[in-house]
Amino acid sequence: LNKIRKQTNLLGDLVEKIFQGLATSADKIYVLKVLEEYEDKYKVFSNQLQEELYIEKGFVKKFLMGKDVHRYEDLMPKSVVIFPYLVSDNNVKLMEIDYIRKNYPLGFEYLVKNKPILEKREHGKFKDLWWAFSRPQNLNQFEQRKLVMPDISGKPELTLDEKNLYHTTTVYSLILKPQIEENYKYFLGLLNSS
């Protein structure tokens, strides 16, 4: 630790942000396994309902689980997450339920099936906004180049995300400060080294 403290630059000096993935408090509902992809929708499997269904592409984001992140490997998410938020110019806004009903009827129908469970989260805290995530933090951070890593691993397991993927709480993202001249791949190699 003393040797690390003597370094000129620490990781904290180089990064703009290190952040954890989405905290929904109901991943069994929000996270869906992709079975087939079509032009405007996915055929998915819901762990909560234990059934296959269809959902609009515009209502979900490609989603990484911790087991999807491996050292230097291309990221191939096998899941999507329902994303009831509008993100533009670093602003994040929860979609109104009428907006969801009108624009994403398949997603709306699925959420309504799960409404009783979603309302009961955190002792009824979400009764009025039952479709919202429990912790809507960092929602505007995902859609950019970043290094990603699982929260627990026996060795460095970082890889580069150039697909603007969203991820679960068991994955962390690292975003460099804009003034850093070195390429992300340089830091990928450095952080994965012995």
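Let's start with the open sheet: its 6 strands come in the order β4-β3-β2-β6-β5-β11, and the pairing is mixed. At the two edges sit β4, residues 51–56, and β11, residues 166–167, each of which pairs on one side only. Keep in mind that this is a predicted model.

Walk in from the β4 edge and you reach β3, residues 41–46, which pairs with β4 in the antiparallel sense over 6 bridges. To get the register by eye, find Tyr42: Ile55 in β4 stands opposite.

One step along from Tyr42, Lys43 also belongs to strand β3. Is Lys43 buried or exposed? Lys43 counts as buried because its relative accessibility is 18%, and the cut-off for buried is under 20%. As for neighbours, leaving out residues up to four places away in sequence, Lys43 touches Lys33, Val34, Leu35, Glu36, Tyr38, Glu52, Leu53 and Tyr54. Several of these can be placed on the strands already introduced: β2 takes in residues 31–37, and β4 takes in 51–56.

Now add a helix to the picture. Helix α5, residues 105–113, lies across β2, β3, β4 and β6, the last of these being residues 79–82. Relative to β4, α5 runs at about 135°.

Next, move on to β9, residues 146–150. How many of the residues of β9 are buried? The count is 5 of 5, so by the under-20% criterion this strand is mostly covered. In a regular strand the side chains alternate between the two faces of the sheet. In β9, Lys146, Val148 and Pro150 are on one side, Leu147 and Met149 are on the other, and all are buried, which leaves both faces covered.

Which strands does β9 join up with? One is β10, residues 159–161, linked to β9 by 3 bridges and running antiparallel; here Lys146 stands opposite Asp161. Another is β12, residues 171–176, joined to β9 by 4 bridges, again antiparallel. On that side, Leu147 has Leu174 of β12 as its bridge partner.

Follow the chain on from β12 and you come to the loop that leads to α7, residues 184–192, and this loop is where Glu182 is found. With 41% relative accessibility, Glu182 counts as partly exposed. Not counting residues up to four places away in sequence, Glu182 touches Leu176 and Phe187. For a sense of distance, try Asn164: it is 18 residues from Glu182 along the chain, and the C-alpha atoms of the two are separated by 20 Å.

Finally, zoom out to the whole protein chain. There are 7 helices and 12 strands, and the C-alpha trace spans about 55 × 35 × 30 Å along its principal axes. The chain has 194 residues, and 42% of them count as buried. Among contacts with a separation of 6 or more, 60% are between residues 24 or more positions apart. The accessible surface comes to about 11,300 Å², with 49% of it belonging to carbon and sulfur atoms. As for charge, the chain carries 30 positive and 27 negative charges, and the mean positions of the two sets are 4 Å apart.

Note on methods
Residues are numbered from 1 along each chain as its sequence is written. This is a predicted model: local features need pLDDT of at least 70, side-chain atom pairs count only at pLDDT 80 or more; totals for chains, interfaces and linings use all residues. Side-chain values use heavy atoms; hydrogens and water are left out. Two strands pair if DSSP finds at least two bridges between them. Contact means heavy atoms within 4.5 Å. Axes are lines fitted to C-alpha atoms, for helices over the stretch in contact, and angles run from 0 to 180 degrees between N-to-C directions. Buried means under 20% relative accessible area, exposed over 50%, partly exposed in between (1.4 Å probe, protein chains only). Accessible areas come from the Shrake-Rupley method with a 1.4 Å probe; for residues, only the protein chains shown count as cover. Lys and Arg count as positive and Asp and Glu as negative; His and the chain ends are not counted. The place of a charge is taken as NZ of Lys, CZ of Arg, CG of Asp or CD of Glu.
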